[in-house]
Amino acid sequence: MDQKKAGRFLKELRHEKQMTQEQLAQVFNVSSRSVSRWETGTNLPDISLLVEIADLYDVDVREIIEGERKSEMMDKEVRDVATKMADYANEEKGSLLRKMQIISFVGVLVLLVAIFLQTFHKSLDEINKGILFVSFIALVIMAVLTLYVTGLLEKITKNKRLVKWIKFVTIVGVIAAFWRTIVMTFIVGILLLMVSSAKVEVYDDVSAYNDYMNFSNGAYEKGVDTQWTKWGMDETIWPKEISKEMNVTDFKMVYYNPWDAQYLGYMVVEYSEDAYAEEVKRLKEYESTEYIGYYCVEEEKTYELLAVNADPYQGFIYALTDGKGKIIYGEQIFCNYFMDLEYEKYIPKEYLLDGFNATQESEYYREKRKALEG
């Protein structure tokens with residue numbers, strides 16, 4: 001059987017009747033797309049329609065199948081057989097359609113009851129929310145199926161104005177139902193944009209030391225929120241200024257602000273003998289705070305700890321010495337119990353307090369987050 005040939009024949013017959021595809025589709029209650037597919041040979045009409053089409057075009061079924069006119073018409077016996085086959089097919093289709101309609105209506109009813117019970121459940125936990133969402137999607141699918149098997153879907157799709165209203169109501173309904181998710185997605189998107197656009201600022205020019213510290217402009221004393229205010233942490237452990245007796249051999253200050261400001265810095269100074277003794281005395285007189293256990297920090301063994309200002313949330317400012325005239329000033333200031341910065345990329349590990357771990361994989365972070373969530 002040549003479907004292309006049969007399709008061309010159907011197209012010729014329609015032209016002879018001076019009918020459009022849309023008009024023919026209305027006659028047989030099908031879509032114009034179906035008519036187009038018949039005439040291109042993509043597929044052929046159901047057998048239940050062949051007899052009706054043959055009657056409309058005043059040809060026999062055999063001519064449609066073979067794609068050309070015959071000199072003799074199909075005899076009565078063949079036509080009767082085709083008619084009976086068409087009737088049987090229609091009965092089977094009707095029976096199946098009725099069963100599908102019943103199943104669809106029952107399915108919609110069951111889903112409506114399920115959604116009602118879940119919505120008014122006293123403890124709508126995350127599992128029930130997930131079930132509710134799945135039930136809602138299933139309801140939509142079942143409703144569309146019901147409209148399809150009842151023939152209403154095709155009528156609705158032909159009404160362009162109604163389709164526009166359905167789209168509008170659907171969009172409004174989705175926004176109303178999932179507005180929290182939409183808002184949270186928007187907020188997360190903004191945060192991700194902030195993180196991706198934030199830059200790590202690195203300063204290693206010690207000549208601008210006073211600009212990096214709060215002492216020069218009194219920002220700390222005045223409580224001014226500047227880039228280098230550093231969450232109110234006391235920076236007086238660090239020298240107030242760079243004097244002639246100080247030989248700065250290494251210096252770096254890092255600032256990063258994806259959503260909360262983070263600071264990282266260290267300075268290595270070699271002092272003259274007298275200046276070293278004076279600075280050690282000053283630092284030992286500083287009222288140091290407890291620090292062991294914060295961010296997994298252990299008792300200092302690599303260097304001698306001269307002074308430390310530690311906070312279980314904000315981090316550390318401290319001074320270490322090798323006992324031979326060298327003092328290392330360090331700071332790691334942040335919040336939320338972890339640093340986004342890859343701090344070991346910017347500060348040598350030996351200049352960190354022993355055991356320091358401010359990553360999200362640390363035991364300290366896990367314990368704090370667990371306590372907050374509990």
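**Exercise 1. The β4–β5 pair**

Task: Determine in which sense β4 and β5 pair, and over how many bridges.

Solution. β4 and β5 form an antiparallel pair with seven bridges; two strands count as paired if DSSP finds at least two bridges between them. Strands here are DSSP runs of E with at least two residues, helices are runs of H or I with at least four residues, and both are numbered from the N terminus. Next, the connection: three residues lie between β4 and β5, and the two strands form a hairpin. Finally, one position within the pair: Val308 is placed opposite Tyr318 of β5.

The model is predicted, so local features need pLDDT of at least 70 and side-chain atom pairs count only at pLDDT 80 or more, whereas totals for chains, interfaces and linings use all residues. Residues are numbered from 1 along each chain as its sequence is written, and side-chain values use heavy atoms, with hydrogens and water left out.

**Exercise 2. The sheet**

Task: State the order of the strands in the open sheet, and explain why one side of β1 and of β4 is left without a neighbour.

Solution. The six strands are arranged as β1-β2-β3-β6-β5-β4, with antiparallel pairing. β1 (201–203) and β4 are at the edges and each has a single partner strand, so one side of each lacks a neighbour in the sheet. On average, neighbouring strands are turned by 5° against each other, direction ignored. Within the sheet, β3 and β6 (residues 326–333) pair in the antiparallel sense through eight bridges, and Met267 has Tyr329 in β6 as its bridge partner. Helix α13 (residues 273–284) lies across β3, β4, β5 and β6, at about 40° to β6. Axes are lines fitted to C-alpha atoms, for helices over the stretch in contact (heavy atoms within 4.5 Å), and angles run from 0 to 180 degrees between N-to-C directions.

**Exercise 3. The nonpolar cores**

Task: Identify which residues of the largest nonpolar core touch the most other members.

Solution. A nonpolar core is a set of buried Ala, Val, Leu, Ile, Met, Phe, Trp, Tyr and Cys residues joined through side-chain atoms within 4.5 Å. Buried means under 20% relative accessible area, exposed over 50%, and partly exposed in between (1.4 Å probe, protein chains only). The largest core has 31 residues, and those touching the most other members are Tyr295, Phe316, Tyr318, Tyr343, Ile347 and Phe356. Two or more residues of this core come from each of β2 (246–256), β3 (262–271), β4 (304–311), β5 (315–321) and α14 (363–373). A separate core of 25 residues includes Met246, Tyr276, Leu306 and Ala319.

**Exercise 4. Arg14 and helix α4**

Task: Establish whether Arg14 is buried or exposed.

Solution. Arg14 belongs to helix α1 (residues 3–16). Its relative accessible area is 6%, so Arg14 is buried. Beyond its neighbours within four places in sequence, Arg14 contacts Met19, Thr20, Gln21, Leu24, Glu39 and Tyr57. Tyr57 is also one of the buried residues of helix α4 (residues 47–57), together with Ser48, Leu49, Leu50, Val51, Ile53 and Ala54. Asp58, just after α4, has a positive phi of about 60°.

**Exercise 5. Confidence**

Task: Find where in the protein chain confidence is lowest and where it is highest.

Solution. pLDDT is the predictor's confidence in each residue, from 0 to 100. The chain average is 78, and 67% of the residues score at least 70. Helix α12 (residues 219–222) has the lowest confidence, with a mean of 39, and β5 the highest, at 96. Over residues 215–227 pLDDT stays under 50.
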